[in-house]
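Reader: Could you walk me through a structure and show me how to read its features as we go?

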Amino acid sequence: MEPQPYGEHHPRSDTNTEVIVNADAKLANPLQGIPYETLMNDVEVFAQERGLSHLLLELKKGALVAQDTDAYNKHDIFTDEDRKFLEDEVNHRWRQTRTLYYLVIMSSLAAAVQGMDEAVVNGAQLFYPEQFGLDISTSRGSWLLGLVNSAPYLCCATLSCWLTHPLNQWLGRKMTIFVTCLISFLTCIWSAVTDTWWHLFISRFFLGFGIGPKSATVPVYAAECAPAAIRGALVMMWQMWTAFGIGLGDLIDLVFYFIPDSGGIKGLNWRLMLASAGIPGLIVCLQVLWAPESPRWLIGKGRYEDAFKELCRLRFSPVQAARDLYYIHILLEAENDLKMGRNRVVEMFTIPRNRNAAIASWIVMFGQQFCGLNVISYYSSNIFVQSGFSDTSALAATAGFGAINWLFALPAVFTIDTFGRRNLLLFTFPCMAACLLITGFSFWDTFSEGRIAGVAIGIYLFAISYSPGEGPVPFTYSAEVFPLYIRDIGMSFATATTWFWNFVLSITWPSLLLAFKPQGAFGWYAAWCMILWFLILLFVRETKGKTLEELDQVFSVPARVHAAYGLRQVPYGVKKFILFQNPAPEELYQAE
């Protein structure tokens with residue numbers, strides 16, 4: 001690839017890039033180029049060493065298909081039934097086993113738990129500050145409100161996210177999900193029986209031990225169990241159903257608002273709001289017990305027979321299960337060889353190709369928080385009340401925001417691969433900035449109905465702009481930009497980034513609102529939307545439709561070259577989208 005027409009850049013000439021390209025090529029398909037006889041001998045040795053000799057015929061078929069997806073049309077070893085299942089896998093990718101759909105439903109519910117954990121405090125904060133003696137009109141009260149609301153994300157950023165790897169190693173994917181959902185359930189109940197602000201802070205801090213590891217484990221678990229054809233869609237579903245959980249939590253806030261105190265319990269309504277978020281977590285706890293364990297995790301522990309049994313539950317035929325079993329085994333061996341003797345954390349920042357990916361991932365993850373979305377997700381009830389809504393109207397308006405946020409996330413499944421990640425971000429960030437300014441400036445309207453309408457319209461249009469862009473892009477983008485040999489570390493870095501800035505945003509908003517009023521507070525995040533637009537223009541590279549080798553070349557282009565290319569896109573965009581001219585696009589990357 002080379003930039004056109006502003007000089008030539010050959011990222012492949014860099015030694016470190018060559019190493020990464022070779023590593024990714026090996027991990028892309030470790031079986032590529034192995035002669036037939038050698039492959040069959042390797043399978044026989046594998047079956048004997050792992051106690052799978054009774055599956056030798058299926059393993060041979062599986063190895064051939066793992067090496068070449070069209071192998072079933074080239075070898076007589078396959079039966080007509082084998083060919084039917086393998087063809088259906090390509091032609092009808094959503095025709096999957098009931099067990100896999102059971103797993104998809106469980107993963108979606110786990111994502112909804114995540115959203116509800118984040119949303120229910122939105123309604124509860126209309127009540128508990130007064131009951132606990134927090135005057136949020138003062139500096140101390142506003143900071144304590146932010147501290148209580150942000151407690152789970154403080155835990156995620158400092159402790160729980162870093163426990164994801166050891167928990168998965170010790171317990172496995174299933175039990176990690178079970179334990180974290182159980183923690184979510186228990187801490188939600190705990191938070192409902194607290195009697196002081198610091199007691200509520202402690203309970204919500206421990207809620208972070210349920211949120212952090214779950215957010216990293218469930219998408220990985222779903223991806224490891226799903227066939228390659230639908231794996232990317234399942235990653236998208238995590239974001240979509242988290243948005244659904246936020247909307248559901250907002251609706252529950254509205255329903256429980258009307259429950260009066262009873263039985264000597266003061267604040268029964270907000271206590272039920274906080275407790276309700278734990279119920280879906282309990283359902284997931286019960287559901288996950290019957291779900292299959294991740295075959296990849298079982299193979300990593302040397303439990304090959306168990307892994308094959310679980311794959312047979314997840315696939316229609318033994319050939320598909322044998323293919324995935326052998327391919328996962330070969331891929332894990334290749335990954336272990338590549339990791340040996342390398343400091344992958346250091347290489348993520350010292351090798352330019354990796355550093356460029358880390359910078360781009362950091363920008364989109366940071367942007368997911370500092371675009372201002374979670375200000376509305378966590379504090380919209382207070383924002384609506386301050387604009388003139390009654391408490392019930394504020395909760396109803398918040399439920400409307402949650403519904404819009406989810407509904408407009410649905411098209412992202414299609415638009416993210418149609419328009420591209422970078423293009424969606426560049427288009428939606430200015431829209432979000434404008435919507436935040438509309439929201440903030442509406443507070444200057446002295447006419448009550450006009451102020452209420454302006455705030456609601458600004459927030460709803462913001463949700464419409466956010467949902468197809470900065471909503472689904474960050475996790476999808478971060479999951480694909482890193483080379484395979486450091487992808488797990490890269491995703492940990494990306495996840496920690498989003499939770500840390502989530503904490504910063506949620507703890508500072510009440511005091512920011514107190515100091516700068518709604519106009520200045522919303523203007524602050526509108527300004528960040530425009531700063532992020534420039535950072536995306538300069539440093540975030542397009543990844544849509546790129547192979548692993550192409551991604552290595554894209555991220556090996558020097559940052560200054562890509563930044564210059566981004567600046568040259570500004571006059572191009574003005575001519576095309578404002579003046580409606582038809583300028584010739586510049587192709588920074590061109591296949592060699």
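## Reading rings, helices and cores

Author: Happily. Let's start with a pair of rings: Phe 366 is buried, and Phe 370 is buried too. Keep in mind that this is a predicted model.

Reader: Where do Phe 366 and Phe 370 lie?

Author: Both belong to helix H17 (residues 352–370), where they are four residues apart, about one turn of the helix.

Reader: How are the rings of Phe 366 and Phe 370 arranged, stacked or edge-to-face?

Author: The angle between the planes decides, and under 30 degrees counts as stacked. Phe 366 and Phe 370 have 20° between the planes and 4.7 Å centre to centre, and the pair is stacked. Both residues also belong to one aromatic cluster, together with Trp 362, Phe 500, Trp 501, Trp 509, Phe 522, Trp 524, Tyr 525 and Trp 528.

Reader: How many aromatic pairs does a search of the whole structure find?

Author: It finds 35. Another one to look at is Phe 127 with Tyr 257: the ring centres are 5.4 Å apart and the planes meet at 45°, so this pair is tilted.

Reader: Which parts does the pair of Phe 127 and Tyr 257 tie together?

Author: Phe 127 sits in the loop between helix H5 (98–124) and helix H6 (128–131), while Tyr 257 sits in the loop between helix H10 (228–256) and helix H11 (268–276), so the pair links parts that are 130 residues apart in sequence. Phe 127 and Tyr 257 are both buried.

Reader: Which charged residues lie over the face of a ring?

Author: Lys 84 lies over the face of Phe 85, at 5.5 Å from the ring centre. Lys 576 does so over Phe 577, at 5.9 Å from the ring centre.

Reader: Let's turn to helices. How does the span of helix H22 compare with what its residues should give?

Author: The idea is to count 1.5 Å a residue and check the ends. Helix H22 (residues 448–466) has 19 residues and should span 27 Å; its end C-alpha atoms are 27 Å apart, so the two agree.

Reader: What do the buried residues of H22 pack against?

Author: They pack against H17, helix H18 (373–387), helix H19 (391–407) and helix H21 (421–441). The buried residues of H22 include Arg 451, Gly 454, Ile 459 and Phe 462.

Reader: And what covers the buried residues of H12?

Author: The cover includes H5, helix H8 (164–192) and H11. Among the buried residues of helix H12 (residues 278–288) are Pro 280, Val 284 and Cys 285.

Reader: Why look for nonpolar cores at all?

Author: In soluble globular proteins, nonpolar side chains tend to be buried together. Here the largest nonpolar core has 100 residues, and those with the most contacts inside it are Tyr 128, Ile 383, Phe 429, Phe 462 and Trp 509. Helix H24 (residues 487–539) gives the largest share of this core, 18 residues. Apart from it lies another core, of 32 residues, among them Leu 39, Met 40, Tyr 304 and Leu 311.

Reader: Last topic: how many disulfides does the structure hold?

Author: Zero. Cys 225 is in no disulfide, and its nearest cysteine sulfur, that of Cys 312, is 14 Å away. A disulfide needs the sulfur atoms within 2.5 Å.

Reader: Is Cys 225 buried or exposed?

Author: Its relative accessibility is 0%, so Cys 225 counts as buried. Cys 312, at 31% relative accessibility, counts as partly exposed.

How values were computed
Residues numbered from 1 in each chain as written. Predicted model: local features only at pLDDT ≥ 70, side-chain atom pairs only at ≥ 80, totals over all residues. Heavy atoms only, no water. Buried < 20%, exposed > 50% of the residue type's maximum accessible area, 1.4 Å probe, protein only. Phe/Tyr/Trp six-rings, centres within 6.5 Å; stacked < 30°, edge-to-face > 60°. Helix = DSSP H or I, 4+ residues; strand = E, 2+ residues; numbered from the N terminus. Lys NZ or Arg CZ within 6 Å of the ring centre and 35° of its normal. Expected span 1.5 Å × (residues − 1). Contact = heavy atoms within 4.5 Å. Core = buried A, V, L, I, M, F, W, Y, C linked by side-chain atoms within 4.5 Å.
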